[in-house]
Amino acid sequence: MAPFTDIRGIAFDLDGTLVDSAPGLSRAIDLMLEDLQLPVAGLENVIRWIGNGADIMVNRALTWALGTSPDESQVAQARSCFDHHYLHTAESGSQLFSHVLEVLEVLSSKEIPLAIVTNKPTPFVRPLLESLNIDHFFSLIIGGDDVPIKKPHPAAIFMVLGQFGLLTEQLLFVGDSRNDIQAAKSAGVRSVGLSYGYNYGEPIEDSHPDQVIHQFDHLLSLIGK
């Protein structure tokens with residue numbers, strides 16, 4: 001893999017990229033469904049529903065459990081239940097993927113500005129980063145409530161470019177799903193796709209990122225660090 005050149009900033013997705021958060025999300029979804037007296041979904045189903053923000057994940061879970069599309073009141077009730085439970089399952093059900101901490105330390109030592117761009121509801125983002133002791137690596141954290149339209153829309157990536165004062169060719173976006181790669185392409189920035197994350201059961205190669213890596217520390221060779 002040929003390394004990228006002139007990378008002066010990196011933005012990362014969170015769930016499925018830096019953090020294996022599926023167990024905590026799955027537990028919160030199942031507790032939500034139990035509250036509503038519906039069948040629980042289990043980890044494998046929830047992994048396929050992660051990626052577009054909590055509202056869509058909850059909607060997908062309800063549609064699966066009900067066998068039909070839920071109405072607005074059902075979604076609102078379920079989302080309230082999910083938020084209540086995820087407050088307690090987010091941290092205990094999440095861990096860093098292999099090599100993430102070491103890579104962030106290297107990038108930080110090189111003074112490369114780093115950002116988080118995630119569709120996760122904003123109130124959950126910083127507490128999760130703090131619980132994993134990686135919040136201090138990021139000079140910019142953009143959650144799903146911080147932009148009018150979530151990924152795959154490029155709004156959040158444009159925010160990173162503006163805050164960091166970078167040209168599109170100077171920013172790299174790293175993610176695990178088609179939403180991440182589509183957002184990067186729409187923003188005109190280069191992208192790295194991780195093969196191990198949450199991508200609706202699809203190979204990340206199908207989204208045609210600029211590079212695909214299979215473990216996180218391979219990122220360093222791509223940026224010459």
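This passage walks through the cavities, the nonpolar cores and a few local backbone features of a predicted model.

Start with the empty space inside. Searching the whole structure turns up 2 cavities of 30 Å³ or more. The largest cavity holds about 210 Å³ of space. It is lined by 21 residues, and Asp15, Ile50, Gly51, Gly53 and Lys120 sit closest to its centre. Two helices, H3 (54–66) and H4 (72–89), each contribute at least two residues to this lining. As for chemistry, the lining of the largest cavity splits into 9 nonpolar, 6 polar and 6 charged residues.

The second largest cavity comes in at about 40 Å³. Its lining is made up of Val117, Thr118, Asn119, Ile142, Gly143, Gly144, Val147, Lys150, Lys151 and Ala156. By class, that gives 4 nonpolar, 4 polar and 2 charged residues. Two of these lining residues, Lys151 and Ala156, turn up again below. Lysine 151 leads into proline 152 through a cis peptide bond, with omega near 20°, and proline 152 itself belongs to the loop between S5 and H7.

On to the packing. The largest nonpolar core counts 58 residues, and Ile10, Phe12, Phe82 and Phe138 have the most contacts inside it. Take phenylalanine 138: leaving aside residues up to four places away in sequence, it touches Phe12, Leu18, Leu104, Leu114, Ala115, Ile116 and Leu129. Another core lies apart from the largest one; it has 19 residues, including Leu140, Ile157, Leu166 and Phe173.

Ile157 also appears in helix H7 (residues 155–164), where Ala155, Ala156, Ile157, Val160, Leu161 and Phe164 are buried. What do the buried residues of H7 pack against? Their partners are four strands, namely S1 (9–12), S4 (114–117), S5 (140–142) and S6 (171–175), together with helix H8 (178–187). Right after H7 comes glycine 165, which has a positive phi near 65°.

Positive phi also shows up at residues other than glycine. Histidine 99, although not a glycine, has a phi of about 75°. It is found in the loop between strand S3 (95–96) and helix H5 (100–109). With a relative accessibility of 28%, histidine 99 falls in the partly exposed class, because that class runs from 20% to 50%. Asparagine 133 is a further non-glycine residue with positive phi, in this case about 60°. This asparagine is located in the loop between helix H6 (122–131) and S5. At 52% relative accessible area, asparagine 133 counts as exposed, since the cut-off for that label is over 50%.

Finally, a look at serine 195, placed in the loop between strand S7 (190–194) and strand S8 (211–213). Is serine 195 buried or exposed? The value is 36% relative accessible area, so serine 195 is partly exposed. Once residues up to four places away in sequence are set aside, serine 195 touches Ile204, Val212, Ile213 and His214. With histidine 214 there is a polar contact between the two side chains, at 2.8 Å. Serine 195 and glutamine 215 lie 20 residues apart along the sequence, and their C-alpha atoms are 7.8 Å apart in space.

Definitions and conventions. Residues numbered from 1 in each chain as written. Predicted model: local features only at pLDDT ≥ 70, side-chain atom pairs only at ≥ 80, totals over all residues. Heavy atoms only, no water. 1 Å grid on protein atoms, 1.4 Å probe; cavity = no way out; pocket = protein on both sides within 12 Å on 5 of 7 lines; lining within 4 Å. Points joined across faces, edges and corners; volume = space filled by probe spheres on them. Nonpolar A, V, L, I, M, F, W, Y, C, P; charged D, E, K, R; others polar. Buried < 20%, exposed > 50% of the residue type's maximum accessible area, 1.4 Å probe, protein only. Contact = heavy atoms within 4.5 Å. Polar contact = N/O pair within 3.5 Å; in protein donor to acceptor, adjacent residues only side chain to side chain. Core = buried A, V, L, I, M, F, W, Y, C linked by side-chain atoms within 4.5 Å.
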